[in-house]
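Reader: I'd like a close look at one part of this model, with the cut-offs spelled out as you go. Could you walk me through it?

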Amino acid sequence: MRGYVYELISHSAGLRYIGSTFQPPQRMMSKHVQTYKDFIRGGRPFHPSYLVLAHRDAKLFALEEVEFDEYYELALHETKYQKDMRCVNLKTKKTEPIQII
């Protein structure tokens with residue numbers, strides 16, 4: 001199977017979200033934008049990627065294309081990037097506590 005590790009980034013805010021997907025990265029951006037709009041309307045719970053999507057310059061870039069047999073192999077690549085790069089993913093050690101007002 002093929003998957004992607006990607007970053008959703010806002011340069012103006014200095015924020016980055018790291019994720020992975022089976023979908024082409026451009027389709028994943030559309031999905032993130034749609035779920036963010038649903039969140040704004042009160043239809044979804046909070047997701048860390050919304051911290052980045054709140055900024056107009058948010059863009060999504062593929063960091064790596066991964067060939068894998070089992071999903072956990074893709075997740076391992078995603079986790080490596082989360083540990084190596086400062087990101088808003090709340091589950092990583094590199095993320096400082098975030099207060100949402």
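Which element gives the largest share of the lining of the second largest pocket?

Author: That would be α1, with four residues in the lining. Before going on, this is a predicted model, where local features need pLDDT of at least 70 and side-chain atom pairs count only at pLDDT 80 or more, while totals for chains, interfaces and linings use all residues. Residues are numbered from 1 along each chain as its sequence is written, and side-chain values use heavy atoms, with hydrogens and water left out.

Now the pocket. A pocket here is an open set of points on a 1 Å grid over the protein atoms alone, where a 1.4 Å probe fits and protein lies on both sides within 12 Å along at least five of seven lines; lining residues have an atom within 4 Å of a point. The second largest one has a volume of about 160 Å³, counted as the space filled by probe spheres set on the points, which are joined across faces, edges and corners. Its lining includes Tyr-6, Tyr-17, Met-28, His-32, Arg-44 and Tyr-50. Two or more lining residues come from each of β2 and α1 (strands are DSSP runs of E with at least two residues, helices runs of H or I with at least four, numbered from the N terminus). By class, the lining splits into four nonpolar, five polar and two charged residues (Ala, Val, Leu, Ile, Met, Phe, Trp, Tyr, Cys and Pro count as nonpolar, Asp, Glu, Lys and Arg as charged, and the others, Gly among them, as polar).

What about β2 itself? Five of its seven residues are buried, so β2 is largely enclosed by the rest of the structure (buried means under 20% relative accessible area, exposed over 50%, partly exposed in between, with a 1.4 Å probe and protein chains only). Strand β1 (residues 2–10) runs antiparallel to β2, joined by seven bridges (strands pair if DSSP finds at least two bridges between them). One bridge links Ser-10 to Leu-15 in β2. The two strands make a hairpin with four residues between them, and Gly-14 in the turn has a positive phi of about 70 degrees.

Back to one of the lining residues: Tyr-50 also belongs to an aromatic cluster with Tyr-36, Phe-39 and Phe-46 (rings of Phe, Tyr and Trp, its six-membered ring, pair if their centres lie within 6.5 Å; planes under 30 degrees apart count as stacked, over 60 as edge-to-face and the rest as tilted). In that cluster, Phe-39 is partly exposed at 26%, and Phe-46 is partly exposed at 32%.
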